[in-house]
Amino acid sequence: MIKELLNKKDIERIISRIAHEIIEKNKGTEGICIVGIQRGGVYLAKRLANKIKGIENVDITVGSLDISFYRDDIGIRKEQSIVRKTDIPCDITDKKIILVDDVLFTGRSIRAAMDALMDFGRPAQIQLAVLIDRGHRELPIRADYVGKNIPTSILENIEVQFEEEGLEDKVILMQN
Ligand code: 5GP
Ligand code: MG
């Protein structure tokens, strides 16, 4: 461990702020569906939906996408993001989709997630919320809602712990 970046209270405040930002940007919650990327993004998506419920007293549908990586054998560059399992419990056509992930890095997972979503319909808009933006983008993708920007070196890694997995809520900077 190099250092603790966020503790439980910090993460709570971030969820609260982003929930308010989502409501503000969208002038309410009409037509919103939140979709988390497994696993961290799904925990965050559910927390955001709960927080919004507390503020606006509306139930927001939460879906999930499971994106895995595989190394292609041709080996030009390493990892590809593929979508394995998708649970989208609403018709996304004309909806505003808030995609949620824990860490934004190259942007390839988000591209794969958007690609997968489009097979389900034509959303009015897709917005992106991430807990951590660690830089190193390889695609023209940026988040609309950012918990914390952490400029990392390529050798560093962000460890995100969740209560949903029996750990203390925490974000830690690690050296590989
Ligand atoms: P990208 O596709 O943007 O390169 O990487 C994003 C995905 O990989 C996210 O779903 C995220 O979970 C994972 N990821 C990339 N870098 C890190 C990191 O430093 N820490 C953690 N916990 N996940 C990462
Ligand atoms: Mg993740």
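The paragraphs below describe the surroundings of ligand 1 and then helix α2 in a predicted model. In this model local features need pLDDT of at least 70 and side-chain atom pairs count only at pLDDT 80 or more, whereas totals for chains, interfaces and linings use all residues. Residues are numbered from 1 along each chain as its sequence is written, and side-chain values use heavy atoms, with hydrogens and water left out.

Around ligand 1 there are 12 residues, of which Asp 101, Thr 106, Gly 107, Ser 109 and Ile 158 come nearest; a residue is near when one of its heavy atoms lies within 4 Å of the molecule. This shell divides into four nonpolar, four polar and four charged residues, with Gly counted among the polar ones.

Oxygen atoms of the ligand also have polar partners, a polar contact being a pair of N or O atoms within 3.5 Å. A polar side-chain atom of Asn 157 lies 2.8 Å from an oxygen atom of ligand 1, one of Arg 134 lies 2.9 Å from such an oxygen, and a backbone N or O atom of Phe 105 lies 3.0 Å from one. The elements that give two or more residues to the shell are β5 (96-104), α3 (108-118) and β8 (156-161), and β5 gives the most, with three.

Helix α2 covers residues 40-56, and because its 17 residues at 1.5 Å a residue should span 24 Å, the 24 Å between its end C-alpha atoms agrees with expectation. Its buried residues (under 20% relative accessible area, 1.4 Å probe, protein chains only) include Val 42, Leu 44, Arg 47, Leu 48 and Ile 52. Just after α2, Asn 57 takes a positive phi of about 55°.

Definitions and conventions. Chains lettered and ligands numbered in written order. Polar contact = N/O pair within 3.5 Å; in protein donor to acceptor, adjacent residues only side chain to side chain. Helix = DSSP H or I, 4+ residues; strand = E, 2+ residues; numbered from the N terminus. Expected span 1.5 Å × (residues − 1). Buried < 20%, exposed > 50% of the residue type's maximum accessible area, 1.4 Å probe, protein only.
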